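Reader: I would like to go through this model with you and ask how its labels are earned. Could you show it first?

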Amino acid sequence: MLHASDQAAGLRRLFRRAPSAVVALFASGRAPRQLAVQTLVALTEGARRVVAIDEHAPEHGSLLAAFGYPEGGDLLGALQGRIEVTETMREVADGLWVVPAAATVQAVALLDDAHHARLEAGISELQRRADLLAIHTVGDARNLTPFARAAGRRLLVVEASGVGARGACQWVKGLAAAGAGSLEVAVSGARDRADATALFASLQDFTSRHVGLPLVWRGEIERDGLAEAMCTPLGERHPAEGAQAFIRRLRAWSSRAGVSG
C-alpha cells in the first residue's frame, strides 16, 4: 500500500504541466560534497524525485563516489547518441538520481547543433522525470558553468562554521558579479536556531554593505522542510519559473563559452 506522501508525489507528477524547477546548488564548508549530499537527500523529503546533474569529476568530489558507486555513464554519451539519457541516471538513494556530467561540462562549448538538439531533448526528459532538477556545481563563482548560469534558482548551503561563513561571502560576491537576481540560503550544522539565524543575519549584513544581492532564508537542512520550500513558488513566482527557459539560457551560455574559448 502506498503511503500518503507517495500518493501525493505520484499525483504531482501525473498532473504536472510545467517542467520541474531547476536549481543550482552551491555548498560552503569544510566538506562541500557532504553538504551537497545532505542537501540533495533532504530535497527528496515527501517522496519527491530529485535528479542531480553532477558536474564534478571522480577525482574532484563526484556524487557517485560519495555514495560508493562506480563511475560511468556521462551525459555526454547521450549527446553523442551512444546511449539513452535515461541510461545516465543512477539511483543512489530513495528518490535521488545522479547524472554524471563532468565530461559534458568540458565539451559544452564545442557542441554543434545536433549535439545541442540531443542536449535539449535529454534535459527535457530529465525534467519530466523529476520534481526538482539540481545542478551540483563545480568550480567557483568567478567561473560558473553554463548549467549553473542557466538555472532559474540558486541555493547556497552554508555550514555553521568560520570556513562556511567565509566561503559563503565569496560565493555571494561572485554570484552578484555574475548577475544573480537573488540567492536562497540554507544553514547546516548550527547548534540551535539562534546560531543559524545569526549566521544568515551576518550574510545579509555583508551583502547589504558590499554587493546588494537579495538573500532568501530557507532555514536549516536538519530542521526545516527544504524540499517544500524549493518546490513551491519563490515570492509571486511559479516554482517552474526559469525551468522552461533553462534550455534556452543553456544554449545562450554555451554559445558564449564557445566564443570566449
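Author: Below we take the labels in turn, starting with the sheet and ending with the cores. Please keep in mind that this is a predicted model.

Reader: Gladly. What is the order of the strands in the sheet?

Author: The sheet is open and has eight strands, in the order S3-S4-S2-S5-S1-S6-S7-S8, with mixed pairing. From one strand to the next, the twist averages 30°.

Reader: What makes S3 and S8 the edge strands?

Author: Each of them pairs on one side only: S3 covers residues 90–93 and S8 covers 215–220.

Reader: And how do you know that S2 pairs with S4 and with S5?

Author: Two strands pair if there are at least two bridges between them. S2 and S4 are joined by five bridges and run parallel, and five bridges also join S2 to S5, again parallel. Because five meets the requirement of at least two, both count as pairs. Within these ladders, isoleucine 53 stands opposite valine 99 in S4, aspartate 54 is opposite proline 100 in S4, and alanine 52 faces alanine 134 in S5.

Reader: In which sense do S3 and S4 pair?

Author: Theirs is an antiparallel pairing over three bridges, with glutamate 91 opposite tryptophan 97 in S4. The hairpin of S3 and S4 has two residues between the strands, and glycine 95 takes a positive phi near 85° there.

Reader: Why is S2 described as mostly covered?

Author: Five of its five residues are buried. Val50, Ala52 and Asp54 point one way, Val51 and Ile53 the other way, and all are buried. S4 gives a matching account: five of its five residues are buried, with Leu96, Val98 and Pro100 on one side and Trp97 and Val99 on the other.

Reader: Now to the rings. How many aromatic pairs does the structure hold?

Author: There are two.

Reader: Why is the pair of phenylalanine 26 and tryptophan 171 called tilted?

Author: The ring centres are 4.7 Å apart, and the planes meet at 45°. A pair needs centres within 6.5 Å, and planes under 30 degrees apart would be stacked, over 60 edge-to-face. At 45° neither applies, so the pair is tilted. Phenylalanine 26 lies in strand S1 and tryptophan 171 in helix H8, so the pair ties together parts that are 145 residues apart in sequence. Both residues are buried.

Reader: What makes phenylalanine 200 and tryptophan 217 a tilted pair?

Author: Their ring centres lie 5.1 Å apart and their planes are at 50°, so this pair is tilted too. Phenylalanine 200 sits in helix H9 and tryptophan 217 in strand S8, 17 residues apart.

Reader: Is each of these two buried, exposed or partly exposed, and how do you know?

Author: Buried means under 20% relative accessible area, and exposed means over 50%. Phenylalanine 200 has 8%, so it counts as buried. Tryptophan 217 has 28%, which lies in between, so it is partly exposed.

Reader: Which residues have the most contacts inside the largest nonpolar core?

Author: They are Ile123, Leu126, Phe147, Leu175 and Phe246, in a core of 52 residues. Not counting residues up to four places away in sequence, phenylalanine 246 touches Val22, Ile123, Ile135, Phe147, Ala150 and Ala151. Apart from that core lies another, of 26 residues, among them Ala27, Leu35, Ala52 and Ala134.

Methods. Residues are numbered from 1 along each chain as its sequence is written. This is a predicted model: local features need pLDDT of at least 70, side-chain atom pairs count only at pLDDT 80 or more; totals for chains, interfaces and linings use all residues. Side-chain values use heavy atoms; hydrogens and water are left out. Buried means under 20% relative accessible area, exposed over 50%, partly exposed in between (1.4 Å probe, protein chains only). Helices (H or I, at least four residues) and strands (E, at least two) are DSSP runs, numbered from the N terminus. Axes are lines fitted to C-alpha atoms, for helices over the stretch in contact, and angles run from 0 to 180 degrees between N-to-C directions. Rings of Phe, Tyr and Trp (its six-membered ring) pair if their centres lie within 6.5 Å; planes under 30 degrees apart count as stacked, over 60 as edge-to-face and the rest as tilted. A nonpolar core is a set of buried Ala, Val, Leu, Ile, Met, Phe, Trp, Tyr and Cys residues joined through side-chain atoms within 4.5 Å. Contact means heavy atoms within 4.5 Å.
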